[in-house]
Each structure stands twice: as C-alpha cells, then as structure tokens.
Amino acid sequence: MRRITPSGSGDRSDNGTSSRRSTTKSFSDNGVIRKKKPRKKGSSRTATAAIIPPTTTTPTPAKEKKTPPLRFSKRLEWVAKCVALAMLVLWIGVTYYVMSNAHDGSPSTEGGLHFGLTPPRDGDNPNHDKGGEGIMMHGLRNMEHKLQAGVSILKQKIHKKSKYHVASSTSNSSTAEWSALSSKHYLLHSSSILVKSDTEYNMHATTDTNNKGNMIDMRELTATLPFEDVDGGAWKQGWDVQPVELNEKEPLQVFIVPHSHCDPGWLKTFDEYFQSQTKGILTSVYNALMKDDRRKFIWAEISYFQWWWSEQTPEVQRNVKERLLPNGQLEFVTGGWVQPDEANTERYAMEVQLQEGHDWIANHLGDQYIPKYAWSIDPFGYSPTMAHILKTYGFKAMLIQRVHYAVKKELALHKHLEFMWRQTWDKTGEHDIFTHLMPFYSYDVPHTCGPDPSVCCQFDFARVNNGYSGCPWRKPAQEITDSNVKARSMLILDQWRKKANLYRGNAVMIPLGDDFRYQSDGEAELQYSNFQKIFDYLNKNVPGVSVQFGTLGDYFKAVEGDFEPPVLKGSFFTYADREKDYWSGYFTSRVFDKALDRQLERVLFAATDMGATRTEMQSPRRALSLFQHHDGVTGTAKNHVVEDYAKQIHEGIEFVQSWMLKNISKDQLLRGAVDKSMKPCWQSNAPRGLSQNLCDVKKQIYVYNPLDSEQQCGDTVVPSHETVRASLPCDISPSEDNTDWIKFDAVTGMMTYPFKEEWMLWKVDKGGAYLFFPGTLKKFKGGNGHDDDGFELKNKGFTVSTPSWKRTLFVKPVPDEFRDSSSSKTFVIDMVYETNLRQPNEEWFVRFTTASPVIENKGIFHTDLNGFNFDTHHFRKDLPIQSQVFPMPTLASIEDSTHRFTILSEHAQGTASLQDGSIDVWLDRRLEQDDARGLGHGVKDNVPTRTRLRVVLESGSFAQEGNEFEPTPLCQRMWDELNHPLEMFGSHNEKQKGLAKES
C-alpha cells in the first residue's frame, strides 16, 4: 500500500549469468577484494557485505617462480638450512596462531566489527592442497584482507559517529520489579484478557545476554546515525550488493512466499472490500492450492477469513481443514483480527484484536493452527510492545517491513537485519523474540525479490500483458517458456543471491504478493505456474540452490539455529520511506476518532471488570479490533470509511453501556434502590458527534470504579470495583482560595505559572493524512485564530474560550499516600481542550514550557509506547522537524536531576520537544492536499474534538544516568484514573440533551 517508487529507482539490471562457481566478491572502503567462502553447517555468513564499490582492485599474486639455489660452502649451506628451518617453524607458528584465533562466523564482540579470520575448510579454498599459495599463504593473505576491511569499516563508523552497536542495557531494575510496576501502572495485566502461558522457546537463544558488542540500541542509533540519503544505484537506498556464493554441499534455500495484503478498510469499507475483492481472492487461492500440493500461501487478516469461511460449502471447509492446513499449504500468520497499527494503539486493544482472531481459529479450525509466526508488512513503524505481546502469546518469530530506509541500510551493512528483539527493561532476554526485517523499499514484488526493482518487476507475472499497469521501469513482465527459462531463471536467481547476502542464514525469503492480489483464478495460475517452471529448471540444473514455494514458518524453521543474531532494543519510530518524508502526521490525523477508540476501550475494560465475558462482548470487541487496523486508528482512510468505522465503534459503546446499565440495575435492585430512569451519562447523538454529560446535576448518579485503587467523584470516595451513589460534578471547579498559586496572562488567559501554556499552530502547504511537513510557526490568536483579540476569560483564566478553541482547567488533589516533604512542589492539573478546526492547512498544538525552574532536559525526551513501554528520543538540530515528532499514545515527559514534567493524555496524538524545558502536544490537523501515499485526498472532515491532558509536575531525583525511564507511583495513579475513569449512570436532563443535539 502507498508505494511511491524512489525517483529514478532501479533502471538497471544484472544479467545474472555469472557462473555458479565464480568467486563472489565484496568490497571494503578501500576497494580491497575479499574472497567469500561457503559456510559449513552451523556457521554463518559474516558481516562483509559490500559497502562502497571499489576504485581499484588488488590482483591475486601469481605463483612464486622457482629460482636455482645459491652455491655455498658446506658450512654456509648448513647454516642456511638451520636458518631456513627456524623460519619455517616460525612461519608455522604464526599461521597456527592466526588460524586458532580466527572467528567462527559469529558476530564480533569488538564494537560489532569483524576483525578475525575464518579458517579455510575442506573444499572452501580452490588452492587448498593444489599447490599455489597453499594454506599458510592463504591464511596470512586472508588475515591481511580482513584487517584492511576491518580498518575501513572502522574508519567509516568513526566518520559516522554511530555507536549503537556498543550500547549496553542500562536498566538497573529487575524484570520482577518491572512486572510489578507495569501491572500497577498499566492495568492491561490485571484485566480479564487471557494471557497464554509463555513458552520458554527462544528461536536463536543468545548465550551471553550481557554481550555489549552484540547489542543494538535504537535510541543510541537514532541519536547518532547521519540519516544520509545517498543514491545507491539500482537499489536506490542501498548499495551495489553482490550475490552470495553458492555451495553445492549446502544449497541456498529459497522460499517464495505467496501472500495478499488485504486492508480491512482503507479506500473502501471492510464490507465493500470483502464483497468486491477479498472474497474472490480467498476463493482463487483455494482453487490454486487444490490443484497442486507444492503450492503454498499465507494469510493474516482473520476478520476477512472468518467471513469467507462462513459462506463456504461443507466440502470446501473440509478440504481446508483436512488437506490445505495439515499439509502446510495454507498457513495463518499472526492470526489477529487485523494487522494493527503500533503507534496510536494501546496494548489493551492490541491484545483484544489478537484474541479475537485466535479465538476464531481455535473454535473453527483447531488450536494447532493458531500461528507461531507473525507477519507485519504495512504498519508505519514498529513498537517493542507488539514483540512482547507476541512472545507472551507463544510466538517464535516475527517479520516487519516499514522501517526508516537509513536504519535499514545501517543494519544491512552489518547483516543485522535479523535480530533478537529485546524489551528495554529486560536484563536477561527472557522476552526476546527473533525478528526478520525486510531490506527494501516496499513489500510489493518489485521490492522483495532482490535489490533491483526493474528486474524483480519482470517476475510479477500478474503484470503480464500490462496487468496492474505493467512495470514502470519499461521492462515488461513475460511468461516463462522453454526458450527463455534458462535466461530468466538465472536472472532472478542473481537477485535472490544478492538478497541472501544481506542475511546470515543459509535461506532467503521472497514474498510474492501485494495489495489485494490473486483476485482471479487466472492471476493465481500465472504466478504459480510460471514460478514452478523456474523452480524446476533451477533445481535440476543449478547445484547449490533449492527453490520452492514456502510459508513464513518454512523460512523461520530453515534458519533456526543457523547463526547467533545480535540483540536489538527500542522502537522503529519515526518512519520515513524516502528523502525527508517522515510519517509523523498520522499520529494526529482524525484525532476525534482516536479519542472515540479509547472511549470504547474504556467501557469494555469496565464491563470486563464487572464480569462480562468475551462471548457477551464479542460484537464490540470486534468493532474495536477492526479499528486497530493500520488505516483505521491511524486516521488514514477515505472519508466514508472513517464514518463506517465510527458507526461501528459508536454502536459498540452503546452496546457495552447498555450491558453495564443492566448489571448495575440488577445490583441496585437487590439493594432495593433501583432507578428505572437511569441511562449512561456520557452520550453522543451521532457516531462522530462530541459526547456530553447529559445527567441531571440536581439528582444523584451511580458511579462504578473499575480500578484496584479508589477514585473520587466530588466529595464522594468510590472504592475499587464498587458502584456507589454520588453527586455531579465529579470535577470540582477550582476556587480562588486554594489556587492563588496558579497565574494566567491577563489578556489571553494562558497559564504562566507553574508552567507556561501557549496555543500554537503550524501553517503548512504540504503534508496529508500520513506525512507532516512544518511550514510557518505561529501563535494562535483569538477570534478566528488570527485576530489580535477574541479571548474570552472566565474565572480569571481557568476557562478560556474562542469561537474555535476552548480550554478549561481543573486542579487535581495529590492523594495523601503520595504526599511527602517534596509534595509541596508537586502539582497535578487537568487541561481540557475543545477544538473545532476549520482553517485549511493548519496543525494545532499546545506548547507547555516549564517556568520556574526551567527543566534542563538537554534534548532528551520520553514518550510511551502503547501505554506499556517507554521510548527515549534525542533532539537533533541536523534533522528536519518532522523527524522529531513521535507518537504519544498516552504520555510525554522531560526531566532533569531534580524535576520531572509529564503530560498524560486520554487518547493518542503526536508530540515533540523542540526546545529544552518544553513539550508540544498536537490537538488536530486539517490538510487540503494529498501526500501521495495512496489515499487520494487530504484531511478535511474535522469535527469538534475534546482532548483532556493531565499535567504532572514533580520534584525529586530524576534523570539518573544508566536508568531506564519509569513513571513515578503518583504518575501511575494519575494515568490509571485518566484512562479508566468512573463510569456514570443517572437521569438525563432534557434541556441538556437538547443542547447536545445542537452541538
């Protein structure tokens, strides 16, 4: 989806006709040729991929000519023999030392660089035991070349100042401590969500979890990587990678993995896509697999599969269950309801959508077909939270794709595209999961078979006769015939070998698919039959390679235990697919719908706490699950699709509220205090309408507390997991007596103490649903946002209004258990913003700046990941502003040694810290133009939106070097209450209801 081929991309091709036995060459910075030798089983291809094409080459020395011996006297001849013998012994000793200290192919522990040697093995060296240089000369020459290569790489790394590969785990809190912390702070662990028992399986268990040289910390990498955009030739964002050498004794395994990426909503609604495309795709795949047992296919989105399944005959269902699944021809990957976004989502919803898919598989096909391998090719950046979820649910390995092109290149240079993904707080590797990162621009056929898209596109046989608009590189796809099978097979084999040289294992995976592919029997047949001809030719005529259709599981099983991968920590945000096109706009796009998503999460959480079962909540759970799709909660779908998502979520909220109301009514009936006129207080009269509290403030209401800790409604304390009577309002307006320490600007009403509040906007002329490009930075002014006046102040600034922007302030009391000697300098303030953005090409945000004292965070900025993990960012003046914007699912924070300033949010949006002591939080964005990522229009369907931000300013000891960021107990409690507030039920005020309709 949303593929824009880099300009001028890959107009060259490699004829791929080089001999199978020719020596593969790779080059260091200085152009020295290093011979690569085939691996023995269990060894790995080391990180010697070509970095820069050579300017000169060093020819292999010719054999040493024999010269006639000199004439000596017998004494001199005896002395000469002794000297020669001593030199021979010394020579043998040096060679033995070199050989015994050689690397075995595992990753180096010296800064990630490979300085050692791989000793010659039988059959590896063509000169071995055949005269010529012999083994000793070969060993010394190999050492010379390796050292030259290592020095060249070291020079490059010093130049780049990239130190990520020596970063160590800095967490000094145990896993047990973290588990206790997270279960208290993030209630996902204490909900009724089923967490399957964790398998102790590590696909490639690392033997030294404290190996600093084998640790990649993404926080360090993104702080130091130059992020250069250098034209790499055919592989525009890479380099001229060379093909791996084939070894007849250990053939390279090539797995062609057919797939179809089917979005559950994007340009069409979920229903429209199923009826017009996805139903036909699954039927075509079924027919193709039934024709030939060698054919395979993977499927990810269970939301679609369950609908297709429900319409099939008993015979088709039987064939799937008794043939295609047991034979391994059809494999589910991830098996969630959708392929979820990982930036805006909260862990609760991420798990719900995974459970819905797995539950369906278990109930209709059997537990044995619940996936163990995950496939995530289209989300726009990746979070370690998803890796943790997958590990928790028993997954063995996972695949990801959309990672910043410069990060991909950096990892590929060291053959680190496969790694153990570790949680930043995990010191032991208990939660590691093996991860495969696809190396190229996209997941379509032109960018998956190898580094040259102009070649790969020719083997997308669905493009034959200009299908799918043909190949844009003016090299058309063509069917395989007896007359061209050799040339075509060798051409694509060359691409497979080049791709294989980016990885350490002896297998390579080649995805074969794109968005909504295999739409007809004819298209499926073109792909399967033409590739089978290539397989048959290569497997028969080219030793050293084994090619077949495969699944994701087939590939991961093939590389299991093949090498020891590096360990990687951190996230992959913010993503850029080309140039300076950073995907930081979608963190805020359709922010109303992001808030609506969290409303459904909150009521589901509360209902589950009351005792609702999955079966009872299936409909709203599936509505929530569908919206976690990476074009749903991201706000990147067509307008009518956004409306469709909102309708389903709105119905889900009403369904859950109705269930809770019945539950509360039964409970109150037993107490003899039921009020038959009760309704949910917070309601909206339209799917994308702003919800209002419609309950009568003159009457008591019922409130339910879903937390383990007590909450408060006005003066009423609500015990955990209890329903009690209370009076509105729950938020008490501040009085002048206890809030005289808060200061406001007399004209604008903006807060000036204890922190400074500024309403800001970016006036832009670029960007769309996905991309953010900063334009002119301006302060929001009153009236229509551009006049010099128009701010209406109430209560000296606790409420500030303009026609399109309003803010109400509430002071939250610090609970007694968190009061200590420093609590006098601890403040909790809620800022409730209501916006109605109508001006074109504007991005609205509020900037909070610490006032007294100014926090000196030195450019270090923390955000949360899915309400579960935390990420750390380093401000860089050398990178564009759009690269410094990050997802804020619930939290953003800065700190110095004595103060911490944290902003909590009840829904997702973008955030940044562009100057010391400040945090920017986006409120909404409206874009007139498309950003050329496939949507086809801007974002202009803004509706009135409410954002509640909770600001926590704390004093204490923070920013300790070597410590991972952790929220304080007070911050955890404030997060809990903000994200899981009291559920309210009571009698409606009809006058208030009428006002809600008008809004």
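**Exercise 1. Reading a strand**

Which residues of strand β17 (residues 701-704) point one way, and which point the other way?

*Solution.* Keep in mind that you are working with a predicted model.

Step 1. Recall the general rule: in a regular strand, side chains alternate between the two faces of the sheet.

Step 2. Apply the rule to β17. Ile701 and Val703 point one way, while Tyr702 and Tyr704 point the other way.

Step 3. Check the cover on these residues. All of them are buried.

**Exercise 2. Building the sheet around β17**

Find the strands that pair with β17, and work out where the edges of the sheet lie.

*Solution.* Step 1. Begin with one partner. β17 pairs with β20 through four bridges, in the antiparallel sense. Here Val703 sits opposite Val724 of β20.

Step 2. Now take the other partner. β17 and β38 run antiparallel and are joined by three bridges. In this pairing Val703 faces Met984 of β38.

Step 3. Continue from β38 (residues 983-986), which is linked to β14 by two bridges, again antiparallel. Lys679 is the residue opposite Gly986 in β38.

Step 4. Put the order together. The four strands make an open sheet, β14-β38-β17-β20, with antiparallel pairing.

Step 5. Find the edges. β14 (679-680) and β20 (723-726) each have a single partner strand, so each has one side without a neighbour in the sheet.

**Exercise 3. A strand with parallel partners**

Which strands run parallel to β4 and are joined to it by bridges?

*Solution.* Step 1. Locate β4 at residues 252-258; six of its seven residues are buried.

Step 2. Look at strand β12 (residues 545-549). Five bridges connect it to β4, and the two run parallel. One pair to find is Leu252 with its bridge partner Val545 in β12.

Step 3. Turn to strand β11 (residues 507-512), which is joined to β4 by six bridges and also runs parallel to it. Look for Phe255 opposite Met509 in β11.

**Exercise 4. Is the helix enclosed or open?**

Decide whether helix α14 (residues 552-559) is enclosed or open, and explain why.

*Solution.* Step 1. List the buried residues of α14: Leu552, Gly553, Asp554, Tyr555, Phe556 and Val559.

Step 2. Compare with the length of the helix. Six of the eight residues are buried, so α14 is largely enclosed by the rest of the structure.

Step 3. Look at what comes after the helix. α14 is followed by Gly561, which has a positive phi, near 75°.

**Exercise 5. Two buried residues and their surroundings**

Is Tyr586 buried or exposed, and which residues does Tyr586 touch?

*Solution.* Step 1. Find Tyr586 in the loop between β13 (567-569) and α15 (591-610).

Step 2. Judge the cover. The relative accessibility of Tyr586 is 0%; the cut-off for buried is under 20%, so Tyr586 counts as buried.

Step 3. Examine the surroundings. Leaving out residues up to four places away in sequence, Tyr586 touches several residues, including Asp341, Phe380, Phe573, Lys594 and Arg925.

Step 4. Set sequence against space. Tyr586 and Phe380 are 206 residues apart in sequence, yet their C-alpha atoms are 9.1 Å apart.

Step 5. Repeat the steps for Glu758, which belongs to strand β23 (residues 755-763). Its relative accessible area is 11%, so Glu758 is buried too. Beyond its neighbours within four places in sequence, Glu758 is in contact with Lys779, Phe845, Val846, Arg847 and Thr849. With Lys779 there is a polar contact between the side chains, at 3.4 Å.

**Exercise 6. The whole protein and its empty space**

How many helices and strands does the protein have, and how many cavities of 30 Å³ or more are counted?

*Solution.* Step 1. Count the elements: there are 19 helices and 38 strands.

Step 2. Add the overall cover. The protein has 999 residues, and 63% of them count as buried.

Step 3. Turn to the empty space. The count is 15 cavities of 30 Å³ or more. The largest cavity holds about 310 Å³ of space.

Step 4. Find its walls. The largest cavity is lined by 23 residues, and those closest to its centre are Thr222, Phe227, Phe573, Thr574 and Phe886. Two elements, α4 (218-224) and β31 (869-874), each give two or more residues to this lining.

Technical notes: Residues numbered from 1 in each chain as written. Predicted model: local features only at pLDDT ≥ 70, side-chain atom pairs only at ≥ 80, totals over all residues. Heavy atoms only, no water. Buried < 20%, exposed > 50% of the residue type's maximum accessible area, 1.4 Å probe, protein only. Pairing = 2+ DSSP bridges. Contact = heavy atoms within 4.5 Å. Polar contact = N/O pair within 3.5 Å; in protein donor to acceptor, adjacent residues only side chain to side chain. 1 Å grid on protein atoms, 1.4 Å probe; cavity = no way out; pocket = protein on both sides within 12 Å on 5 of 7 lines; lining within 4 Å. Points joined across faces, edges and corners; volume = space filled by probe spheres on them.
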